[in-house]
There are 2 protein chains.
Amino acid sequence: MSSRRRTEAQTQLLDLLRRESTALSHDDISAKLPTDINRVTIYRILNRFVADGLAHRIVADDGRQYFASCADGCAHDTAAHGHLHFRCLVCDRVECLPEQVAFSLPEGYRVENYNVTLSGTCNSCSALAEAN
Amino acid sequence: MSSRRRTEAQTQLLDLLRRESTALSHDDISAKLPTDINRVTIYRILNRFVADGLAHRIVADDGRQYFASCADGCAHDTAAHGHLHFRCLVCDRVECLPEQVAFSLPEGYRVENYNVTLSGTCNSCSALAEAN
DNA sequence: AAATTTATAGCAACAATGTTGCATTAACGA
DNA sequence: TCGTTAATGCAACATTGTTGCTATAAATTT
Ligand SMILES: [Zn+2]
Ligand SMILES: [Zn+2]
Ligand SMILES: [Zn+2]
Ligand SMILES: [Zn+2]
């Protein structure tokens with residue numbers, strides 16, 4: 001395998017993902033990056049991060065990709081990404097939740113990727129709603 | 001609410017969804033329909049079916065929408081769609097599996113939609129692989 | 001049966017998201 | 001310092017799904 005090079009763009013992107021507590025869409029990332037990085041470059045860096053196990057990709061129920069750092073407690077094997085994702089329909093944020101999903105699967109199925117996304121109202125948004 | 005009208009296009013589409021054992025993408029549907037129906041019309045009919053509880057929408061981890069009839073045993077409330085979906089990376093089919101997913105959610109989260117998709121190799125494709 | 005109403009269909013154009021090809025730049029090792 | 005090639009940036013494209021508008025036709029009323 002060809003080895004990776006340390007570039008400014010990648011450093012910024014990885015720092016961003018690690019700093020954020022929620023999973024980020026491409027748009028989120030573009031908006032939050034300190035420097036302008038080309039659209040395509042961002043996509044390519046993200047794909048590389050996923051391939052290298054630095055981040056994982058969530059395809060949410062809005063059909064868009066979100067990316068989250070794999071740093072904390074989420075080991076790089078597939079099964080570790082079986083954790084839950086929650087997309088809030090109010091604040092439009094996607095969170096990685098630590099809870100694992102349990103299920104049984106009929107004989108003969110071999111799982112390679114997990115993509116579990118619930119959507120609804122997140123805890124902070126329901127708290128806000130209660131307050132009114 | 002304005003009442004629905006019985007049209008040829010809708011009948012064909014609903015028949016197709018009910019006849020099929022797997023969830024269908026737009027392309028699948030286009031290809032399998034006995035008559036040519038306009039792209040946009042298909043999308044609109046599908047959205048109506050989902051709104052009316054005749055079908056449910058799955059957003060798979062390829063970012064595309066798949067549709068399955070709600071006829072058999074899948075009641076029309078949200079929770080009933082908590083069943084598992086499996087997308088086979090070999091034969092590219094999406095199945096509704098009857099098994100429910102179990103998970104716990106932190107306090108304060110309110111779920112409106114479930115979207116659980118595993119991907120990998122389905123039972124028939126792994127059987128074929130074994131045979132070789 | 002004819003006229004009326006309006007849900008549905010069809011066409012064109014658009015929007016959003018992500019990828020590929022290719023030339024240029026720059027990281028890194030020799 | 002030089003050469004190799006990974007990474008970037010630009011343009012163009014691909015795919016998937018939606019919206020606006022007009023035409024058609026299903027259902028209801030006259
Ligand atoms: Zn929220
Ligand atoms: Zn996650
Ligand atoms: Zn298969
Ligand atoms: Zn299903």
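This report covers the chain symmetry, the zinc sites and the DNA contacts of a predicted model.

## Relation of the two chains

Two copies of a chain are related by a rotation about an axis and a shift along it. In this model, a turn of 180° with a shift of 0.0 Å along the axis lays chain A on chain B, with an RMSD of 0.0 Å. That is the relation of a two-fold axis. The same surface serves both copies, since 100% of the contact residues of chain A recur in chain B.

## Zinc site in chain A

The zinc ion (ligand 1) is coordinated through the SG atoms of Cys88(A), Cys91(A), Cys122(A) and Cys125(A), at 2.3 to 2.4 Å. Angles of 105 to 115° are subtended by the 4 donor atoms, which makes the arrangement around this ion tetrahedral. Along the chain, the donors of ligand 1 follow the spacing C-x2-C-x30-C-x2-C.

The pair Cys88(A) and Cys125(A) links distant parts of the chain, 37 residues apart. Cys88(A) belongs to strand 4 (residues 83-88) of chain A, and Cys125(A) to helix 4 (residues 123-131) of chain A. Both Cys88(A) and Cys125(A) are buried.

## Zinc site in chain B

For the zinc ion (ligand 3), the protein donors are the SG atoms of Cys88(B), Cys91(B), Cys122(B) and Cys125(B), which lie 2.3 to 2.4 Å from the ion. The arrangement is tetrahedral because the 4 donor atoms subtend angles of 106 to 116°. The donor spacing along the chain for ligand 3 is C-x2-C-x30-C-x2-C.

Two of these donor residues fall in separate accessibility classes. Cys88(B) has a relative accessible area of 1% and is therefore buried, the limit for that class being under 20%. Cys91(B), at 28% relative accessibility, counts as partly exposed.

## Contacts with DNA strand C

DNA strand C is surrounded by 25 residues, of which the closest are Arg6(A), Arg64(A), Gln65(A), Thr7(B) and Arg44(B). Sugar or phosphate accounts for 65% of the strand C atoms within 4 Å of the protein, and bases for the rest.

Chain A reaches phosphate oxygens of this strand in two ways, by side chain and by backbone. An N or O atom in the side chain of Arg64(A) is 2.8 Å from a phosphate oxygen of DNA strand C, while a backbone N or O atom of Gln65(A) lies 2.6 Å from a phosphate oxygen. From chain B, an N or O atom in the side chain of Arg48(B) is 3.2 Å from a phosphate oxygen of the strand. The elements that give two or more residues to the surface near DNA strand C are helix 2 (26-32) and helix 3 of chain A, together with helix 1 (8-19) and helix 3 of chain B.

## Contacts with DNA strand D

Around DNA strand D there are 24 residues, and Thr7(A), Arg44(A), Tyr43(B), Arg64(B) and Gln65(B) come nearest. Of the strand D atoms within 4 Å of the protein, 64% belong to sugar or phosphate and the rest to bases.

A base contact involves Arg5(B), which has a polar side-chain atom 3.1 Å from a base nitrogen of DNA strand D. Phosphate oxygens of DNA strand D are approached by an N or O atom in the side chain of Arg4(A), at 3.4 Å, and by a polar backbone atom of Gln65(B), at 2.6 Å. Helix 1 (8-19) and helix 3 (39-52) of chain A, with helix 3 (39-52) of chain B, are the elements that give two or more residues to the surface near this strand.

Conventions. Residues are numbered from 1 along each chain as its sequence is written. Chains are lettered from A and ligands numbered from 1 in the order in which they are written. This is a predicted model: local features need pLDDT of at least 70, side-chain atom pairs count only at pLDDT 80 or more; totals for chains, interfaces and linings use all residues. Side-chain values use heavy atoms; hydrogens and water are left out. Copies are superposed by least squares on the C-alpha atoms of residues with pLDDT of at least 70 in both. Contact means heavy atoms within 4.5 Å. Donors are N, O and S atoms within 2.8 Å of the metal (3.2 Å for Na, K and Ca); water is not among the atoms, so sites may look incomplete. Four donors count as tetrahedral if all angles lie between 85 and 135 degrees; four count as square planar and six as octahedral if opposite donors are over 155 degrees apart and all others between 65 and 115; anything else is irregular. Buried means under 20% relative accessible area, exposed over 50%, partly exposed in between (1.4 Å probe, protein chains only). Helices (H or I, at least four residues) and strands (E, at least two) are DSSP runs, numbered from the N terminus. A residue is near a molecule or strand if one of its heavy atoms lies within 4 Å of it. A polar contact is a pair of N or O atoms within 3.5 Å; within protein, one must be able to donate a hydrogen and the other to accept it, and residues adjacent in sequence count only if both atoms are side-chain atoms.
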